[in-house]
Amino acid sequence: MEARDKQVLRSLRLELGAEVLVEGLVLQYLYQEGVLTENHVQEIKAQATGLRKTMLLLDILPSRGPKAFDAFLESLQEFPWVREKLEKAREEAITELPAGFQYLWKEGVNGCWV
C-alpha cells in the first residue's frame, strides 16, 4: 500500500471505526479480491465489537499489497459517504506535496518522488 494511502487510513481511523461495519460486504469483498485471507476474516469476525473489527481490519490493510486501498474503497458500497471522505483525503494527500517535489503516479505502479 502506498504511504499516502496508509496516512489516509491513519488520519481517518476513528471516523472509520465509528462509521463502517466491516462484518458484511466489506469483509467478503476483500476476501473475494484476495486482499484478506480466510484467517484474516476469521480473526476479524472473532472480535467482540464492531469497532474492534474495524480497527483490526485497519491494522491489517496496510500490509496487504498495492491494491488493498483501492479494494477497500470498492468494498464500501454500503457506505458511499465514507468512500467519498477517503477519496477526498487521498486527493488532498496528493496535492499537499513538499515544495519542489512532484509525485508521479501510474495505474498499477508505485508512485515515486522526483
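Q: What makes the contact between the side chains of K85 and E19 a salt bridge?
A: In this predicted model, a nitrogen and an oxygen of the two side chains are 2.8 Å apart. The cut-off between a Lys or Arg nitrogen and an Asp or Glu carboxyl oxygen is 4 Å, so the pair qualifies. The partners come from distant parts of the chain: K85 belongs to helix α7 (residues 80–95) and E19 to helix α2 (residues 13–19), with their positions 66 residues apart. By this rule, nine salt bridges are counted.

Q: Why are K85 and E19 called partly exposed rather than buried or exposed?
A: The intermediate class runs from 20% to 50% relative accessible area. K85 has 33% and therefore falls in this class. E19, at 25%, is likewise partly exposed.

Q: How do you know that E23 and K53 form a salt bridge?
A: Their closest N and O atoms are 2.5 Å apart, and the limit is 4 Å, so the criterion is met. This pair also joins distant parts of the chain, 30 residues apart: E23 is in the loop between α2 and α3, and K53 is in helix α5.

Q: Which class of accessibility does each partner, E23 and K53, belong to?
A: E23 has 36% relative accessibility and counts as partly exposed. K53 has 13%, which is under the 20% limit, so K53 counts as buried.

Q: What makes R90 and D70 a salt bridge, and which elements does the pair link?
A: The closest N and O atoms of R90 and D70 are 2.8 Å apart, which is within 4 Å and therefore satisfies the rule. The pair links R90 in helix α7 to D70 in helix α6 (residues 68–75), 20 residues apart. Salt bridges with shared partners connect R4, D5, D70 and R90 in one network. R90 is buried at 13% relative accessible area, whereas D70, at 32%, is partly exposed.

Q: Why is the pair of F79 and W81 called edge-to-face?
A: The ring centres are 5.7 Å apart, within the 6.5 Å needed for a pair, and the planes meet at 75 degrees, over the 60 degrees that mark the edge-to-face class; the pair is therefore edge-to-face. The structure holds one aromatic pair. F79 is buried at 7% relative accessibility, while W81 is partly exposed at 42%.

Q: How do you know that the buried residues of α4 line one face of the helix?
A: In helix α4 (residues 38–45), the buried residues are H40, V41 and I44. Viewed along the axis of α4, the buried residues lie within an arc of 100 degrees, so they occupy one face. E38 and N39 are exposed on the other side of α4. The partners against which the buried residues of α4 pack are α3 (25–32) and α5 (50–60).

Q: What makes L30 a buried residue?
A: L30 has a relative accessible area of 0%, which is under 20%, so L30 is buried. L30 is located in helix α3. Beyond four places in sequence, the residues that L30 touches include V35, L36, L57, L61 and F72.

Q: How do you know that L30 and F72 come together despite their positions along the chain?
A: L30 and F72 are 42 residues apart in sequence, yet their C-alpha atoms are separated by 6.8 Å. F72 is in contact with L30, and among its other contacts beyond four places in sequence are L9, V26, L57, L58 and L86.

Q: Which residues touch the most other members of the largest nonpolar core?
A: They are L9, V26, L30, L57, L61, F72 and L86, within a core of 30 residues. Two or more core residues come from each of α1 (3–11), α3, α4, α5, α6 and α7. In soluble globular proteins, nonpolar side chains tend to be buried together.

Q: What makes up the protein as a whole, and how much of it counts as buried?
A: The protein has seven helices and two strands, in the order α-α-α-α-α-α-α-β-β along the sequence. Of its 114 residues, 36% count as buried. Among contacts between residues at least 6 apart in sequence, 58% join residues at least 24 apart.

Key:
Residues numbered from 1 in each chain as written. Predicted model: local features only at pLDDT ≥ 70, side-chain atom pairs only at ≥ 80, totals over all residues. Heavy atoms only, no water. Buried < 20%, exposed > 50% of the residue type's maximum accessible area, 1.4 Å probe, protein only. Helix = DSSP H or I, 4+ residues; strand = E, 2+ residues; numbered from the N terminus. Arc of directions from axis to C-beta. Contact = heavy atoms within 4.5 Å. Core = buried A, V, L, I, M, F, W, Y, C linked by side-chain atoms within 4.5 Å. Phe/Tyr/Trp six-rings, centres within 6.5 Å; stacked < 30°, edge-to-face > 60°.
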